[in-house]
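Let's take a friendly walk around a ligand and the space that holds it. Please have a look at the sequence and the 3D view first.

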Amino acid sequence: MSELDSGIADCLRSWNHFSGSRLQIQAADLGWNLKAQKLVNYEARKLAGIPVLVATASAEGLAAGLSAHSLWLSLWGELQKTGEFIDELYQLARASQKKRLVFGADEFHFLPGIPTNIPKGRELIRHLREHQWTLGEVFDLVGRAGSQAALRYIDEGEELAKDRGWTVAALPVASAEVAEPPTWAAPPTLSGEFELDELDRFLHQEFPGRWHREFNFWRGRHDTACARWLGLWIKRKLAGFVRIAHRGDPEVQSDRRSRWIPGALRLPLAAGNLTGEGGAPPDDRAFNDGCLGPIGVAKALRGCGAGRVLLAGALSRLNNLGVDHVCIDWTDNESFYKHLGFERVRTYRTAFLSTLKSTL
Ligand SMILES: CC(C)(COP(=O)(O)OP(=O)(O)OC[C@H]1O[C@@H](n2cnc3c(N)ncnc32)[C@H](O)[C@@H]1OP(=O)(O)O)[C@@H](O)C(=O)NCCC(=O)NCCS
């Protein structure tokens with residue numbers, strides 16, 4: 001086992017210990033997803049004896065616009081000695097010549113922040129606040145694509161789109177890049193295609209930064225058959241986008257080319273057990289779970305229902321794909337999703353220090 005693999009395993013033991021049975025992450029899934037990307041280097045460390053994952057921009061990440069000064073890190077549990085932990089973090093940052101420190105907010109949300117349920121998590125947050133860190137709060141939401149609330153939302157969204165003549169359409173699966181097309185069928189509701197380049201331009205203009213980078217990263221991969229992007233068209237113009245992904249048929253999952261499941265890492269594992277904790281986690285391969293996000297609407301068109309229509313279109317497709325649980329991970333915009341009947345399953349504090357001073 002490599003040092004990174006054993007570090008990942010240590011971190012996951014903490015995560016899984018504090019998450020209850022419904023939010024277990026498998027080491028193989030996380031390891032595969034961490035290593036399959038090229039923008040960020042992840043490294044396993046120990047700070048004050050606690051296993052952490054640390055991320056810095058790779059050469060490719062720097063070229064794509066990631067900060068050269070940032071050090072992102074995970075904290076997944078077991079915190080005991082807050083002061084010592086922070087001291088060692090500052091030492092690590094200085095040694096690697098980084099001055100921006102971030103809990104959470106890494107490029108791929110593998111390091112989601114400080115979970116609020118870990119021992120001494122609040123003490124750490126208090127400490128960070130006293131030392132001029134900027135704090136934020138994000139959530140993972142989970143629900144069912146086929147719940148009454150979701151189905152009602154889908155109906156209303158489709159009605160609205162029909163009234164206004166708006167269209168939600170899926171990007172073609174990048175089948176030319178996939179040596180063998182996946183065995184599962186494309187969703188039956190696809191109503192059209194649009195060019196990848198158009199979405200590229202849209203994201204460049206409306207969401208430059210992480211979402212634009214993520215799209216291009218996705219586009220260049222050969223193993224993303226379970227993720228797809230939808231666009232909303234208003235008067236032949238792209239007005240918004242949303243990405244959905246699902247685990248798919250268990251047989252397809254054994255094909256590693258199809259395992260890019262952004263967000264889905266943190267899905268609940270026990271179908272029908274959304275509120276249950278404890279007990280042995282079932283084999284997640286048995287469930288066709290999915291995730292939704294990011295989602296965004298052109299700035300000029302916000303506030304007039306485009307987001308609702310996109311969200312309804314995404315849920316409808318997940319439902320048609322036979323997806324059971326849906327995870328909306330790492331969002332700070334709970335009110336946008338409030339009509340879906342989803343449940344907040346985890347809260348994280350993000351923390352950010354813009355300049356590490358040499359006196360600290
Ligand atoms: C969030 C976003 C997609 C909503 O799109 P939109 O077209 O403006 O939303 P709609 O007009 O369809 O509004 C849908 C509902 O969400 C609410 N809503 C919209 N934007 C919101 C926001 N920024 N914060 C809170 N609620 C919001 C609306 O009040 C409305 O609620 P209602 O149905 O109870 O009236 C859009 O504002 C956006 O692109 N924001 C930047 C990216 C982002 O935050 N994405 C979501 C988190 S991943």
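How far is an oxygen atom of the ligand from a polar backbone atom of C304? The distance is 3.2 Å, which fits within the cut-off for a polar contact (a pair of N or O atoms within 3.5 Å).

Before going on, note that this is a predicted model, where local features need pLDDT of at least 70, side-chain atom pairs count only at pLDDT 80 or more, and totals for chains, interfaces and linings use all residues. Residues are numbered from 1 along each chain as its sequence is written, and side-chain values use heavy atoms, leaving out hydrogens and water.

**Contacts of the ligand**

The table sets out the polar contacts with an oxygen atom of the ligand.

| Partner in the protein | Distance |
|---|---|
| C304, polar backbone atom | 3.2 Å |
| R302, N or O atom in the side chain | 3.3 Å |
| H339, N or O atom in the side chain | 2.9 Å |

On its own, the ligand exposes 870 Å², and the protein buries 68% of that; these areas come from the Shrake-Rupley method with a 1.4 Å probe.

Around the ligand are 19 residues, of which V297, G303, G305, G307 and R308 come nearest. A residue belongs here if one of its heavy atoms lies within 4 Å of the molecule. Strand β10 (290-297) and helix α10 (306-320) each supply at least two residues of this shell; helices (H or I, at least four residues) and strands (E, at least two) are DSSP runs numbered from the N terminus. By class, the shell has eight nonpolar, eight polar and three charged residues, with Gly counted among the polar ones.

**The pocket**

The ligand takes up the space of the largest pocket. A pocket is an open set of points on a 1 Å grid over the protein atoms alone, where a 1.4 Å probe fits, with protein on both sides within 12 Å along at least five of seven lines; lining residues have an atom within 4 Å of a point. A molecule sits there if more than half of its atoms lie within 2 Å of the grid points.

The largest pocket holds about 860 Å³ of space. Among its 37 lining residues, W211, P294, I295, T331 and Y337 are the closest to the centre. Strand β10 gives the most to this lining, with six residues.

**A bond to look for**

P294 also lies in strand β10, and a cis peptide bond with omega of about 5 degrees joins G293 to P294. Most peptide bonds are trans.

Terms used: A polar contact is a pair of N or O atoms within 3.5 Å; within protein, one must be able to donate a hydrogen and the other to accept it, and residues adjacent in sequence count only if both atoms are side-chain atoms. Grid points are joined across faces, edges and corners, and a volume is the space filled by probe spheres set on the points.
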